[in-house]
Amino acid sequence: MPQRFSPGRCARLIVKIGSALLVDADGSIRRDWLATVAADIAAAHAAGQQVVIVSSGAIALGARRLGLSKGGRASLEDAQAAAAVGQIALSQAWAELLGSCGLTAAQILLTLDDLEDRRRYLNAASTLDRLLTLGAVPVINENDSVATAEIRFGDNDRLAARVAQAARAQGVLLLSDVDGLYTANPHRDAAATRIDEVTHIDARIRAMADGGSASGMGSGGMASKVEAARIAQAAGAHLAIASGQRPHPLAAFLAGGTGTVFVADPVRGARKSWLAGRLTARGTIHVDAGAADALARGASLLAAGAVTIDGRFTRGDVVEIAGPDGRFARGLAEYDAADAVRIAGRRSAEQADILGYAPRSALVHRDHMVLL
Ligand SMILES: Nc1ncnc2c1ncn2[C@@H]1O[C@H](COP(=O)(O)OP(=O)(O)O)[C@@H](O)[C@H]1O
Ligand SMILES: N[C@@H](CCC(=O)OP(=O)(O)O)C(=O)O
């Protein structure tokens with residue numbers, strides 16, 4: 001295990017547990033195994049660490065109880081119903097198992113919007129902070145019963161990375177049925193080898209990860225873990241993928257077990273890190289090559305460099321910025337879309353006449369922009 005991520009030293013650690021680990025093939029909770037995870041968390045807690053659990057499994061658990069096909073994922077309505085039934089069983093199991101180790105479980109169910117909207121994000125962050133300070137162990141899942149197709153994470157990997165950001169955690173551990181990122185899906189390619197450390201996620205790394213879930217219970221596959229890693233890195237947290245197949249998986253990893261570590265980027269400001277981790281944007285500003293170069297060197301985006309503008313956004317909304325080679329930055333719009341369209345490609349001197357008011361210094365200011 002690379003020395004740069006020492007999970008035992010993280011004051012705050014997020015541990016995400018996938019459906020395939022939590023739920024048996026017959027649809028029941030793997031209680032004995034889960035008890036060993038609870039014991040590991042209690043040990044970490046006793047050593048002074050604050051641990052947040054992101055627990056999948058509601059849909060898989062509920063599907064069995066409702067007799068739904070395809071693990072409850074045949075339709076959005078099935079998944080919503082299955083989650084409503086499964087989540088009760090899941091919370092009960094966590095409350096009992098953590099309780100028997102002397103810990104207080106605290107459930108939080110989040111939707112994508114709770115973390116994408118800055119005000120709601122700050123609200124969720126302060127709830128988390130308070131719970132951790134009070135010594136409780138937050139157990140988080142997506143609120144699948146009300147999540148809709150458009151407004152949902154759909155996988156708990158990216159949710160865990162966003163939670164790490166909200167909790168200002170130093171590390172995320174994704175426990176899965178596979179012990180890391182391989183050069184190809186190891187279930188399909190016997191020659192695939194595990195990668196120990198990734199500092200920069202590029203197209204080559206993304207191409208290694210399949211989106212499908214071999215167990216048929218999970219949803220994200222490796223692709224969502226790599227995307228989660230990118231969010232965590234940008235938030236200044238290390239992320240590791242490790243196997244949860246055996247009892248006491250957290251203790252095994254903390255003791256130096258194997259896995260793939262995605263090394264954190266240098267920490268940036270809280271707002272920029274929130275921006276980098278966002279999953280949605282209201283529009284896209286397409287810029288020319290000159291503007292793309294200027295932004296890469298740290299400049300603000302001036303209206304003169306904009307070529308076309310897509311989407312409906314208002315001032316302060318998050319927009320993506322795409323150059324000739326594709327999307328490369330994200331920031332807060334200084335104008336509503338309608339005004340942005342009117343001044344796109346125009347020099348500063350022309351803008352006041354077009355707008356009828358004094359133009360702002362940029363379409364997207366560099367203080368409210370991150371390069372991806
Ligand atoms: N490059 C890869 N390296 C490792 N596993 C991969 C890769 N590409 C795809 N996978 C698949 O990802 C699966 C883990 O994702 P998933 O089933 O969603 O797990 P979880 O329920 O833990 O989120 C592995 O079992 C494997 O089949
Ligand atoms: N929120 C869903 C889990 C979705 C999910 O990410 O599953 P997994 O890929 O197993 O971590 C549930 O509780 O069933």
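Here is a short walk through this structure, which is a predicted model.

Let us begin with the overall layout. The domain assignment splits the protein into domain 1, covering 7-274, and domain 2, covering 281-371. Between the C-alpha centres of these two domains there are 35 Å. UniProt, in an unreviewed entry, lists residues 283-364 as "domain: PUA". Over residues 283-364, helix makes up 28% of the chain and strand 32%. The end C-alpha atoms of this stretch lie 12 Å apart.

Next, have a look at helix H7, which runs over residues 156-167. Its 12 residues should span 16 Å at 1.5 Å a residue, and the end C-alpha atoms are indeed 16 Å apart, so the two values agree. H7 is mostly covered, with 12 of its 12 residues buried. Among them are Asn 156, Asp 157 and Arg 158, along with Leu 159 and Val 163. Just after the helix comes Arg 168, with a positive phi of about 50°.

Positive phi turns up in some loops as well. Lys 70 is not a glycine, yet its phi is positive, at about 50°. You will find Lys 70 in the loop between helix H3 (58-66) and helix H4 (76-99). Lys 70 counts as exposed because it has 11 C-beta neighbours inside 10 Å, and a residue with 12 or fewer is exposed.

His 248 is another residue to visit: it has a positive phi of about 55° and is not a glycine. The loop that holds His 248 lies between strand E7 (238-243) and helix H10 (249-254). With 17 C-beta neighbours inside 10 Å, His 248 counts as partly exposed.

Note on methods:
Residues are numbered from 1 along each chain as its sequence is written. Chains are lettered from A and ligands numbered from 1 in the order in which they are written. This is a predicted model: local features need pLDDT of at least 70, side-chain atom pairs count only at pLDDT 80 or more; totals for chains, interfaces and linings use all residues. UniProt positions are given in the numbering used here, feature names are shortened, and annotations may be inferred rather than shown by experiment. Helices (H or I, at least four residues) and strands (E, at least two) are DSSP runs, numbered from the N terminus. Domain bounds come from an automatic or database domain assignment. The expected span of a helix is 1.5 Å times one less than its number of residues. A residue is buried if 20 or more other C-beta atoms lie within 10 Å of its own, exposed if 12 or fewer, and partly exposed in between; C-beta atoms are placed from the backbone.
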